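Open the structure in your viewer and keep a selection box at hand. The tour goes from one selection to the next and says what to look for at each stop.

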Amino acid sequence: MRTPTTNTTSRTGVLAMAATAAALALTAAACGSSGTPAAPAKSAHPSASMTEPAATAGTVGTDCGMIPAAGMGSTHAMMTDPVVTAASHNPLITTLAAEVAKAGLTSTLDSMASITVFAPDNAAFKNLTAHDMTMMSSTAELAKVLKYHVVAGHITPAQIASGKALTTLEGGTLKPSKMGAVYEVNNAAVTCGNLHTANATVYIINKVLMPMH
């Protein structure tokens, strides 16, 4: 009678070979995945979420959210244009740009370097008294009023808070201050400020300032 030793040995060999193959496969898989983990995929548009916050960093005032977040008139777009051109696209101060053009000051202000403009918003012009509107109907007087809103140099919020008087292009002085969290110049509040154009720093204010006569 034939003994089963040979078949048993054969089966044992086959099982051993299969175990060896499986071990080799596992080793190869482990080697293939043992490198440094791949870095997370980068955003397809890394600048999309950075551009606008960078442009609006450092602004002061409660109405900055009313300025478009992107496109024409946005804080980012203002940085590429001189001050009057930039104002003409900002929906809060288009009246100022129109008044500057009426006074013949557009090229003057757009060509000046390093200035600060305290820019009355559109509502401020609508709230002028009849007397003020009559007085400003004169081109010379209008130019004088508008120049009273312009200061040489880039004025910072800290300089406004310091309270040091500012000399204007008109020749008069402005009295800046900070009351609590509100920045002011004379009796007008800054509603959105420390905006930047190609040649100026802009503070939007809620009143038209009148020089001493």
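## Stop 1: a loop residue

Select Ser114, which at 32% relative accessibility counts as partly exposed. Ser114 sits in the loop between helix 6 (106-111) and strand 1. Keep in mind that this is a predicted model. Check the backbone here: the phi of Ser114 is near 55°, a positive value in a residue other than glycine. Most residues other than glycine have a negative phi.

## Stop 2: the open sheet

Next, show the strands as a cartoon. An open sheet of six strands appears, in the order 2-1-8-7-6-5 and with mixed pairing. Strand 2 (150-152) and strand 5 (176-179) stand at the edges; each has a single partner strand, so one side of each is left without a neighbour in the sheet. Ignoring direction, neighbouring strands of this sheet are turned by 35° against each other on average.

## Stop 3: strand 8

Select residues 200-205, which make up strand 8. How many of the residues of strand 8 are buried? Six of its six residues are, and the strand is mostly covered. Show the side chains. Ala200, Val202 and Ile204 point one way, Thr201, Tyr203 and Ile205 point the other way, and all are buried. In a regular strand the side chains alternate between the two faces of the sheet.

Now add the two strands that pair with strand 8. Strand 1 runs parallel to strand 8 and is joined to it by six bridges. Strand 7 (residues 188-196) pairs with strand 8 in the antiparallel sense, over five bridges. Strand 7 and strand 8 form a hairpin, with three residues between them. To find the register of this pairing, pick Val190, which stands opposite Ile205 in strand 8. Then pick Gly193, whose bridge partner in strand 8 is Tyr203.

## Stop 4: the aromatic pair

Stay on Tyr203 and add Phe118, which stands opposite Tyr203 in strand 8. The structure holds one aromatic pair. Phe118 and Tyr203 form this pair, which is stacked, with 5.5 Å centre to centre and 25° between the planes. The pair links distant parts of the chain: Phe118 is in strand 1 (residues 115-120) and Tyr203 in strand 8, 85 residues apart.

Are these two rings on buried or exposed residues? Phe118 has 0% relative accessibility and therefore counts as buried. Tyr203 counts as buried too, because its relative accessibility is 0%.

## Stop 5: strands 5, 6 and 7

Move along the sheet to strand 6 (residues 182-185). Its side chains alternate: Tyr183 and Val185 point to one face and are buried, while Val182 and Glu184 point to the other and are not.

Select strand 5 together with strand 6. The two run antiparallel and are joined by four bridges. Pro176 stands opposite Val185 in strand 6. The hairpin of strand 5 and strand 6 has two residues between the strands, and Gly180 in it takes a positive phi near 65°.

On to strand 6 and strand 7, which run antiparallel and are joined by two bridges. Here Glu184 has Ala189 in strand 7 as its bridge partner. This hairpin also has two residues between the strands. Select Asn186, which lies in the loop between strand 6 and strand 7. Asn186 has a positive phi of about 55° although it is not a glycine. At 29% relative accessibility, Asn186 counts as partly exposed.

## Stop 6: two helices

Leave the sheet and select helix 5 (residues 94-102) with helix 9 (residues 139-147). Their axes come within 9 Å and cross at roughly 130°. Helix 5 and helix 9 are therefore oblique to each other. The crossing of helix 5 past helix 9 is left-handed. To see the contact, show Leu96, Glu99, Val100 and Lys102 of helix 5 against Thr139, Leu142 and Leu146 of helix 9.

## Stop 7: Ser137

For the last stop, select Ser137 in the loop between helix 8 (130-135) and helix 9. With 60% relative accessibility, Ser137 counts as exposed. Draw a distance from Ser137 to Ala103, C-alpha to C-alpha: the two are 9.7 Å apart in space and 34 residues apart in sequence.

Notes: Residues are numbered from 1 along each chain as its sequence is written. This is a predicted model: local features need pLDDT of at least 70, side-chain atom pairs count only at pLDDT 80 or more; totals for chains, interfaces and linings use all residues. Side-chain values use heavy atoms; hydrogens and water are left out. Rings of Phe, Tyr and Trp (its six-membered ring) pair if their centres lie within 6.5 Å; planes under 30 degrees apart count as stacked, over 60 as edge-to-face and the rest as tilted. Buried means under 20% relative accessible area, exposed over 50%, partly exposed in between (1.4 Å probe, protein chains only). Two strands pair if DSSP finds at least two bridges between them. Axes are lines fitted to C-alpha atoms, for helices over the stretch in contact, and angles run from 0 to 180 degrees between N-to-C directions. Angles under 35 degrees count as roughly parallel, over 145 as roughly antiparallel, 65 to 115 as roughly perpendicular and the rest as oblique. A crossing is left-handed if the near helix is turned anticlockwise from the far one by less than a right angle, and right-handed if clockwise. Contact means heavy atoms within 4.5 Å.
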